[in-house]
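Could you walk me through this model in my viewer, one selection at a time? I would like to know what to pick next and what I will find there.

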Amino acid sequence: MIRDREHECMGREKLRQLQGERLAALVKRVYARVPFYTELLDKAGVKPEQVRGLEDLPRLPVTKKHNLRDQYPFGLFATPLKDVVRIHASSGTTGKPTTVGYTRNDIAVWAEVMARALAGAGTTDEDIVQVAYGYGLFTGGLGAHYGAELLGASVIPISGSNTQRQLMLMQDFGTTVLCCTPSFALYLWDVAQQLQLDVTTLPLKVGVFGAEPWSEGMRRDIERKWNIKACDIYGLSEIIGPGVSCECVEAQSGLHIYEDHFLAEIIDLETGNPLPDGELGELVITTLTKEAFPLIRYRTGDITRLIPEPCICGRTSTRMERISGRTDDMLIIRGVNVFPSQVESVLLMSPQVEPHYRLIVGRKGALDSLDVQVEISPKLYREVSEAVLSLNDVTMFTEHDALIDLKQRIQKNIKDIIGISVSVTFKEPGSIERSEGKAQRVIDNRTAEQGAS
Ligand SMILES: [Zn+2]
């Protein structure tokens with residue numbers, strides 16, 4: 001369902017006009033109200049009154065993540081705290097978090113874009129929406145919550161974790177829409193298997209999954225296991241939270257950006273120059289309507305490309321491809337850029353392994369090494385175990401022909417697609433730690449080793 005036809009199906013020329021007007025007003029507003037932006041724009045030699053439309057966008061300076069940290073906690077707020085009705089914060093990996101604020105109107109906009117996202121994924125006021133994103137300083141839970149309520153759906157605010165209770169409520173309340181991270185959806189399914197619960201008999205029809213990069217292979221896996229449609233949703237607290245963009249259930253091919261509120265560009269990772277539509281680079285977003293915490297050309301750190309072609313669902317909005325990685329997740333292994341999601345998509349080509357994996361990066365001599373640890377499927381594990389037991393030689397397990405063949409095939413596929421040689425280590429089903437939030441996929445031992453030597 002298209003919730004806001006006027007904005008989601010707007011003619012491109014009219015939209016550019018609207019975005020340009022909003023951009024001009026935004027630049028004036030932050031220049032007058034946020035000392036950081038006064039200085040930044042002065043330094044870039046940009047006078048606010050010279051910014052008239054989208055054509056002036058490339059002249060504007062970018063805002064980086066560390067600018068947000070430097071202004072902790074409220075230095076970038078463009079309204080007095082009196083007008084701020086909500087504060088969220090994203091956990092920093094080091095030191096202080098990043099703080100974001102919302103006026104009453106910002107909260108209304110957030111609920112609206114989240115309602116568009118959920119509606120696009122097939123949610124209506126008849127649905128029962130289980131919000132299994134974390135509630136709290138993290139924006140996932142409350143973002144989905146307000147959007148689903150605005151749609152008129154019945155919301156179950158269960159938050160993250162509580163796996164068995166999640167499954168119980170799905171059965172007892174008849175949940176039809178599940179919102180959580182894709183890795184948690186897989187974990188829930190695992191636990192359902194242990195409880196011998198056949199999830200395909202549940203009324204669940206759609207999952208709206210996000211907050212971490214995932215691959216097309218993982219989508220197919222989740223859809224098959226749960227017998228649902230899985231849609232990708234995108235957002236980040238710096239911009240508003242979830243609800244920056246979302247896939248429509250009709251096409252499931254790129255995430256529709258709510259462009260009347262968020263102006264998206266792609267820039268080159270190295271040079272910072274804008275790239276044409278269709279090219280892969282870093283997503284940069286300008287918030288066009290935010291009051292308390294507006295950002296100009298914020299470098300999200302997410303890698304994607306923009307798809308300008310209209311979609312079969314009828315929306316005219318630009319879509320973004322699913323996030324293929326983060327600039328800060330990007331591993332440089334022997335000089336080659338590697339994203340964990342690329343490895344994941346190769347692993348998911350083999351039904352004999354599970355989408356539970358870990359990348360261990362190390363250094364052997366002068367060379368970087370990458371060991372891909374992945375669980376084999378319970379079925380393959382059973383077959384090999386039985387074969388080895390019948391020979392009465394347990395040391396043979398990892399030497400079994402079926403495993404050696406599979407390992408060589410996966411190693412070759414990774415080499416073909418990513419361009420580097422890796423080792424693959426098989427793990428027993430269930431042995432790789434499960435995540436109830438964002439999955440921890442990479443362990444990079446290189447800096448630790450260097451520090452020790
Ligand atoms: Zn669409």
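Start by selecting Phe74, and keep in mind that this is a predicted model. Phe74 counts as partly exposed, because its relative accessibility is 33%, which lies between the 20% limit for buried and the 50% limit for exposed. You will find Phe74 in the loop that runs between helix H4 (65–70) and strand E1 (84–90). Now add Leu81 and Ile87 to the selection: together with Phe74 they make up a nonpolar patch on the surface, and the three have about 250 Å² of accessible area together.

Stay in the loop between H4 and E1 and pick Ala78. Is Ala78 buried or exposed? Ala78 is buried, because its relative accessible area is 5%, under the 20% cut-off. To see what surrounds Ala78, show Arg33, Val34, Glu291, Ala292 and Pro294, which Ala78 touches once residues up to four places away in sequence are left out. Then measure across to Val30: it sits 48 residues from Ala78 along the chain, yet the two C-alpha atoms are separated by 6.5 Å.

Next, go to the interior. The largest nonpolar core has 69 residues, and Leu23, Tyr37, Leu60, Val208, Tyr234 and Phe262 are those with the most contacts inside it. Colour helix H5 (residues 104–120) as well, since this helix gives the most to the core, with 9 residues. Centre on Phe262 and display its contacts: beyond four places in sequence, Phe262 touches residues including Gln19, Val113, Ile239, Ile240, Val244, Ile257, Ile285 and Leu288. A second, separate core is worth its own colour; this one has 28 residues, among them Leu169, Leu178, Phe184 and Trp214.

For the last stop, select strand E18 (residues 353–364). Why is E18 described as largely enclosed by the rest of the structure? The reason is that 9 of its 12 residues are buried. Show its partners one after the other:

- Strand E19 (residues 367–376) pairs with E18 in the antiparallel sense, over 9 bridges. Look for Gly362, which stands opposite Ser369 in E19.
- The hairpin of E18 and E19 has 2 residues between the strands, and Gly365 there takes a positive phi near 65 degrees.
- Strand E21 (residues 442–444) pairs with E18 in the parallel sense, over 3 bridges. Label Ile360 and its bridge partner in E21, Ile443.

While the strands are on screen, follow the side chains: in a regular strand they alternate between the two faces of the sheet.

How values were computed. Residues numbered from 1 in each chain as written. Predicted model: local features only at pLDDT ≥ 70, side-chain atom pairs only at ≥ 80, totals over all residues. Heavy atoms only, no water. Core = buried A, V, L, I, M, F, W, Y, C linked by side-chain atoms within 4.5 Å. Buried < 20%, exposed > 50% of the residue type's maximum accessible area, 1.4 Å probe, protein only. Helix = DSSP H or I, 4+ residues; strand = E, 2+ residues; numbered from the N terminus. Contact = heavy atoms within 4.5 Å. Patch = residues over 30% accessible without salt bridge, like charges linked within 9 Å, V, L, I, M, F, W, Y side chains within 5 Å. Areas by Shrake-Rupley, 256 points an atom, 1.4 Å probe, with all protein chains shown as cover. Salt bridge = Lys/Arg side-chain N within 4 Å of Asp/Glu carboxyl O. Pairing = 2+ DSSP bridges.
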